[in-house]
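Biologist: I'd like to learn how to read side-chain features off a model. Can we walk through a few together?

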Amino acid sequence: MPFSLKRLSSGDDELLAHVAPEVFDEPVEPDRLAAYLDTAGHLMVLALEGDLVVGQCAGVIHRHPDKPTELYVDEVGTASTHRRQGIARAMLGELFRWGRELGCDEAWLGTELDNEAANALYRGYRPLEDEAIQYYLFDLG
């Protein structure tokens, strides 16, 4: 069955009532989803097969006082049953178009060096840079 893409906005919470396994890392919590969708500059594109969410791609607009506006691609997830069907590429393309419409000049993301599928997808877009980075996680609690 073909899939469709949907740009989420505030009030679209009900679209995430039926989510295929592995689309998100953890179960979607309604209060977190509402806060995400209500925050300006938070973008999410869904891939839908009927009313089933089979993919999601999330991004955040970063505005700087000294650099061009950029789109940070925060997450790309596709149900394991729907991989290798062009869904992630389509969602990422839609997120890039949306970012351009909102004034972004660049997009960036990070992924693990050993994530072969993700690296193949991202390299297919011919990135300006492709370099190893160190990731730091800080506990703010």
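Modeller: Sure, and keep in mind that this is a predicted model. Start with a polar contact: the side chain of Glu70 meets the side chain of Trp108 at 3.2 Å.

Biologist: Where does Glu70 sit, and which residues does Glu70 touch?

Modeller: Glu70 belongs to strand 4, which covers residues 70–78. Leaving aside residues up to four places away in sequence, Glu70 touches Val60, Ile61, His62, His64, Cys104, Glu106 and Trp108.

Biologist: Glu70 carries a charge. How far away is the nearest side chain of opposite charge?

Modeller: The general idea goes like this: side chains of opposite charge can pair when their charged atoms come close. For Glu70, the nearest candidate is Lys67, 5.3 Å away. A salt bridge has to fall within 4 Å, and Glu70, though buried, has none.

Biologist: Back to Trp108, then. Is Trp108 buried, partly exposed or exposed?

Modeller: Trp108 counts as partly exposed because its relative accessibility is 40%; the partly exposed class runs between 20% and 50%.

Biologist: How many aromatic pairs does the structure hold?

Modeller: There is 1 aromatic pair. Its members are Tyr72 and Trp108, with ring centres 4.5 Å apart and planes at 40°, which makes the pair tilted. Tyr72 is in strand 4 and Trp108 in strand 5 (residues 106–108), so the pair links distant parts of the chain, 36 residues apart.

Biologist: Let's do salt bridges properly. How many turn up in the whole structure?

Modeller: A search finds 6 salt bridges. One of them joins Glu94 to Arg7, where the closest N and O atoms are 2.7 Å apart. Glu94 is part of helix 2 and Arg7 of strand 1 (residues 4–7), so this bridge ties together parts 87 residues apart in sequence.

Biologist: Are those two partners buried or exposed?

Modeller: They fall in separate classes. Glu94 has a relative accessible area of 15%, so Glu94 is buried. Arg7, with 25%, is partly exposed.

Biologist: Which other salt bridge does Arg7 make, with Glu101 in the picture?

Modeller: The side chains of Arg7 and Glu101 meet at 2.8 Å, N to O. That pair also links distant parts of the chain, with strand 1 and helix 2 holding residues 94 apart. Glu101 is exposed because its relative accessibility is 56%.

Biologist: And Arg83 with Glu22?

Modeller: Their closest N and O atoms are 3.8 Å apart, and that counts as a salt bridge. Arg83 lies in the loop between strand 4 and helix 2, while Glu22 lies in the loop between strand 1 and helix 1 (30–38), so parts 61 residues apart are tied together. Arg83 is partly exposed at 43%, and Glu22 is partly exposed at 47%. As for shared partners, salt bridges join Arg7, Glu94, Arg97 and Glu101 into one network.

Biologist: Helix 2 keeps coming up. How do I read a helix?

Modeller: An α-helix has 3.6 residues a turn, so residues three or four places apart point the same way. Helix 2 covers residues 87–101, 15 residues in total, and reaches 21 Å from first C-alpha to last, close to the 21 Å expected.

Biologist: Which residues of helix 2 are buried?

Modeller: The buried residues are Ile87, Ala88, Met91, Leu92, Gly93, Glu94, Leu95, Phe96, Trp98 and Gly99. Just past the end of helix 2, look at Gly103, which takes a positive phi of about 95°.

Methods. Residues are numbered from 1 along each chain as its sequence is written. This is a predicted model: local features need pLDDT of at least 70, side-chain atom pairs count only at pLDDT 80 or more; totals for chains, interfaces and linings use all residues. Side-chain values use heavy atoms; hydrogens and water are left out. Helices (H or I, at least four residues) and strands (E, at least two) are DSSP runs, numbered from the N terminus. The expected span of a helix is 1.5 Å times one less than its number of residues. Buried means under 20% relative accessible area, exposed over 50%, partly exposed in between (1.4 Å probe, protein chains only). A polar contact is a pair of N or O atoms within 3.5 Å; within protein, one must be able to donate a hydrogen and the other to accept it, and residues adjacent in sequence count only if both atoms are side-chain atoms. Contact means heavy atoms within 4.5 Å. Rings of Phe, Tyr and Trp (its six-membered ring) pair if their centres lie within 6.5 Å; planes under 30 degrees apart count as stacked, over 60 as edge-to-face and the rest as tilted.
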